[in-house]
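Please read the following note beside the sequence and the model. Its points concern the packing of cores and helices.

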Number of protein chains: 2
Amino acid sequence: MKDIHITQETRMANAIRALAMDAVQKANSGHPGMPMGMADVATVLFNRFTNIDPSAPKWPDRDRFVLSAGHGSMLIYAINHLLGYADMDIEQIKAFRQLGSRTAGHPEYGHADGIEVTTGPLGQGIATAVGMAIAEKMKNARYGDDLVDHFTYVIAGDGCLMEGISHEAIDLAGHLELGKLIVMWDDNSITIDGDTDLSTSMDQKARFAAAGWHVLECDGHTPTEIADAIESARKDPRPSLIACRTIIGFGAPNKQGSHDVHGAPLGDEEIAAARKQLHWDHAPFEIPQAIYDEWGRIASRGAKARAEWEQRLNTATARAEFLAAEEDEVGALPAAIEAYKRKLSEDKPKVATRKASQMALEVVNATLPFTVGGSADLTGSNLTKSSGMKSITPTDFSGDYVHYGIREHGMAAAMNGIALHGGFKPYGGTFMAFADYCRPAIRLSALMGVPTCYVMTHDSIGLGEDGPTHQPVEHLASLRAIPNLLVLRPADAVETAEAWEIAMTSKTTPTMIVASRQNLPTVRTEHVAENLTARGAYLLRDPGERDVTIIATGSEIEIALDAADKLAAEGIKAAVVSAPCFELFEQQDAVYKVEVMGTKPKIGCEAAIRQGWDLFLGPRDSFVGMTGFGASAPAPALYKHFNITAETIVSEAKELI
Amino acid sequence: MKDIHITQETRMANAIRALAMDAVQKANSGHPGMPMGMADVATVLFNRFTNIDPSAPKWPDRDRFVLSAGHGSMLIYAINHLLGYADMDIEQIKAFRQLGSRTAGHPEYGHADGIEVTTGPLGQGIATAVGMAIAEKMKNARYGDDLVDHFTYVIAGDGCLMEGISHEAIDLAGHLELGKLIVMWDDNSITIDGDTDLSTSMDQKARFAAAGWHVLECDGHTPTEIADAIESARKDPRPSLIACRTIIGFGAPNKQGSHDVHGAPLGDEEIAAARKQLHWDHAPFEIPQAIYDEWGRIASRGAKARAEWEQRLNTATARAEFLAAEEDEVGALPAAIEAYKRKLSEDKPKVATRKASQMALEVVNATLPFTVGGSADLTGSNLTKSSGMKSITPTDFSGDYVHYGIREHGMAAAMNGIALHGGFKPYGGTFMAFADYCRPAIRLSALMGVPTCYVMTHDSIGLGEDGPTHQPVEHLASLRAIPNLLVLRPADAVETAEAWEIAMTSKTTPTMIVASRQNLPTVRTEHVAENLTARGAYLLRDPGERDVTIIATGSEIEIALDAADKLAAEGIKAAVVSAPCFELFEQQDAVYKVEVMGTKPKIGCEAAIRQGWDLFLGPRDSFVGMTGFGASAPAPALYKHFNITAETIVSEAKELI
């Protein structure tokens, strides 16, 4: 085994190793291999380069540190403890992986300061970091080096680089020349199943070079080499990959370098041997003050940098604008939306809700200067670009629109990164069927409570000829299933405007605006100042005393109204409820719910499967929708073929009453 | 514009172009750009190389052709029509994208012969083709060149190569040295949003070389260059990428080379101009007999090769074994499972269902010689490898286990490819939370009706300390939402064995075996020959006249039985229903359903969200489960924290009755 030359920096790294192995041992669960293997790299990074201030964890110009290999969570917990984050005392380290602690099995955004993103699902960290680096560069283009000049550092493992999302991320980062993104790859040749050569022969360095990255390597246990590589990476205008050759579990003399050390406690005997090997004589969870002092110097350096930055901000002409974006101040948006809704009620446009979405974006983007739009190569279909928007390019980041490429997953993660970075409100589009491609990142938006906005157009068989691969059927159900995600399916231009207001004013909940390809009439023809979509569901047509209630969403509202007309002609009074957001309706009080849904038989109508509709429907109620996959044909033919018609609703209604 | 030297092969290609532009025009919808751009490459491929027999579309040793860029569906429809596939007459071409036609917007497996895989969702084709090439190499290792010796050809576009799944696919293919996989990249520098340089700077050739591929290029409109490249690709032991420089929409003089030609009809005027440019004087949908004859020669060559192959098969010693695998004959499996179940009822093991799954696999893999196991780098956690299994390696394909690497999406698509190829029954594992990573491929299994088997372990908060990123909460609901997918969540070793029997005997439905990390007692302590899991739900404990019904799945059955005991102690009779598969229960008749579910108040219990449970539960029934994300802690602490306990069920039961 490599002989350890004990320097002060090595001791700082060994403090990480000791905390990691002891915490995993105490929890009897966790991953000691990565924190021990990458302790030297992380120590050099923080000791010599990183600008952060644990006393102001949200300081906008701090460097971002992303532990993409989230299973090595003890690395970041140990570092944040040593740096003196107030909420990461030694009791937290001792409570690793226990109920109620801030030290979850994988780093959870919001559980403790200094955790910039939730990681664990592999590849998400590196892809989210790309968004952070995009945001830095965009913000720098707006406010200059004085206010925005920081790095995004990532530690990624073999798993992160094997996941497909890493391809989308590095292609986008290389294309956009995100020079301040620096990825340190824990090149330890080990995965859970064994050596990496069980499943990959990828030349990672050549792969990153092919994507336009600056590629370096270093011995991950030699501080001078690590520092030289980071120094060089910081200077290069391209994003940098540093391949850090490391030994997994470095310091555990009998287990290091093998997959046995990856995801299980070392055991008391091996921990004792590691203590000897590392010349670490201290009891578990005991760190000498001198080591705390060394780590404290990093915090002091950061605090000084932050104070200087505060001064620059206070004298900056753009101060108010900067802070408004940082605080995500929606200012005049509600008023602008209300005025726009009034106009819509008069104009009564018949447009697809994807078009209505673009119309609403004209208002949103004119009012909020910090939105960032984008699409996964479907700009002209998703209609996510409003008239004043400008695309960013590798050499010009002054715009506010991103061509994410055919990379739904990379887009979603990058949007999370932009939102987490702060100073911007990201939204981006794709076809709704391809929500499946970015589902892991959507789930993370929801789990983190980040208000990323997804625009999912072509939302049903109504897209027509492209056929079943492109037609969402189960997607509404599967997306409504994700906790803390608002799925908004507006029925017309008015509801679409309201949906955008909800999306843009949301602070801790991601939103999804689900829009049609096909044209839909304006059904909210009378202006109401209140955002009715925010109620989740409301009475769109109230016949007074009702015989039956028809509940529909989005493009099926038109069919529901038609059915109500037909029923009225036969003397049957049908209420029509528009239900653009199930999650928001669930939050309403019981009185309102009964007022809307009534007590008479109900028919749900949505061009999708029934699952999830039982929120509204009882076993004796009826549902008009899909039971399987769609088909390729013009939309009107499909609605008829699948019996999603006013006639079907009418006959169901008659049967029910 | 490039001058067209009209040869017989060019005329064959122009027939594709004419059919593509005319069919898209007639449908007033579709993508003419790709078929017109890749017509020359496809013609050279089929004319000079491909071995297929339209009169025997399922001939096992045929070459496989995968149109990964599925939006160019008219390419494959035109080719299959010209080749003389009986089910692809000119009326089908005229009915492109119309209801009931075989010519859907994107190629749909099962709609017409000669479509090897459903494509359209980008990147799926290339990743599925990797599975086909794996299957070819494995089958070749078993049966030799005489019976198995064919190529897998793929046409992929920029979109396929930008999607993350392509990274997983090419890394795996390069590692396994799939020399008979040949990808022709339609290198036309155009995506929907515009030029590819809007969103990518990837050096694709260097990227594929980094993954261990053999990389070639050719002018995609020069037959000799195309042929030379394919010839060279066929000889190389590595998988090959041929970068075909093409002009999108080649032949449409005013629109070609631009994104305008990608996804919209050319219009009558441009079609007339293209006819002139291509020297194509024939009316729409009219192909001269001489051209049909040329294409027919390809079919004749294939028919001859197939006849020779049939002869070799008929004299092969392995004939019966070959055909049994090809026909997916399950033979002795049901009997073996029944015997094993009898033993389990006696042994009553208390094991995690992931362990029970491995135990069942010992029986399955000993009985079926054509299973192919695997895992996305979680072999020791998913327990997908049984004792007799051997991993394939780049130099030895005689095994039956694949280390798919940290590539859930690539694994799922490859499994689809293995299943579509025929001769093998693939299953593969990952953590259930990461079903999200491979959801688009799972959806395609279901849409195609391919019996891929997914093994999803660590299926709830019961996995404990890894925390909310790793804990499925909404996944059962979101997966049950996919049409034509059987989600099986067994409660003990007996149900797990039954689930494996269902999975391995399924012919047109993918299956998912959902398994616990934590140990569970055997609850089926009395042997029943019938596969009760195949009923979807059944009475596990029948107290005779009941007061309340508790319905649970998987790891929550133990809790339900405990609750029933506690209730019995208080004189309340609780029936316990085990519901391992909602989809199969839905297929039961009404009498059986009532017999099982009873008419008394019901309590559902599952460590997941309620969505989907309304299949069983009415508004007045109760559900004990999750309402949001999980947390990081030991499993018993989590069950208590989230109130998923026998005590909660007992108190709910008392409230209900």
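**Helix packing and cores**

1. In chain B, the axes of helix 2 (residues 33-48) and helix 9 (residues 223-235) come within 9 Å and cross at roughly 55 degrees. Helix 2 of chain B is therefore oblique to helix 9 of chain B (neither under 35, over 145 nor 65 to 115 degrees). The crossing of the two is right-handed.

2. Which residues make this contact (heavy atoms within 4.5 Å)? Helix 2 of chain B contributes Asp40(B), Val41(B), Val44(B), Leu45(B) and Arg48(B), and helix 9 of chain B contributes Pro223(B), Ile226(B), Ala227(B) and Ile230(B). Seven of the residues are nonpolar, two are charged and none is polar.

3. The model is predicted, with local features needing pLDDT of at least 70 and side-chain atom pairs pLDDT 80 or more, while totals for chains, interfaces and linings use all residues. Residues are numbered from 1 along each chain, chains are lettered from A, and side-chain values use heavy atoms, without hydrogens and water.

4. The largest nonpolar core (buried nonpolar residues joined through side-chain atoms within 4.5 Å; buried means under 20% relative accessible area, with a 1.4 Å probe and protein chains only) has 114 residues. Its largest share, 10 residues, comes from helix 5 (residues 124-143) of chain A. A second, separate core has 112 residues, including Val66(B) and Leu447(B).

5. Leu181(A) is among the residues with the most contacts inside the largest core. The residues that Leu181(A) touches include Ala129(A), Val130(A), Ala133(A) and Trp213(A), not counting residues up to four places away in sequence.

Definitions and conventions: Buried < 20%, exposed > 50% of the residue type's maximum accessible area, 1.4 Å probe, protein only. Helix = DSSP H or I, 4+ residues; strand = E, 2+ residues; numbered from the N terminus. Contact = heavy atoms within 4.5 Å. Axes fitted to C-alpha atoms, helices over the stretch in contact; angles between N-to-C directions. Left-handed = near helix turned anticlockwise from the far one by under 90°. Nonpolar A, V, L, I, M, F, W, Y, C, P; charged D, E, K, R; others polar.
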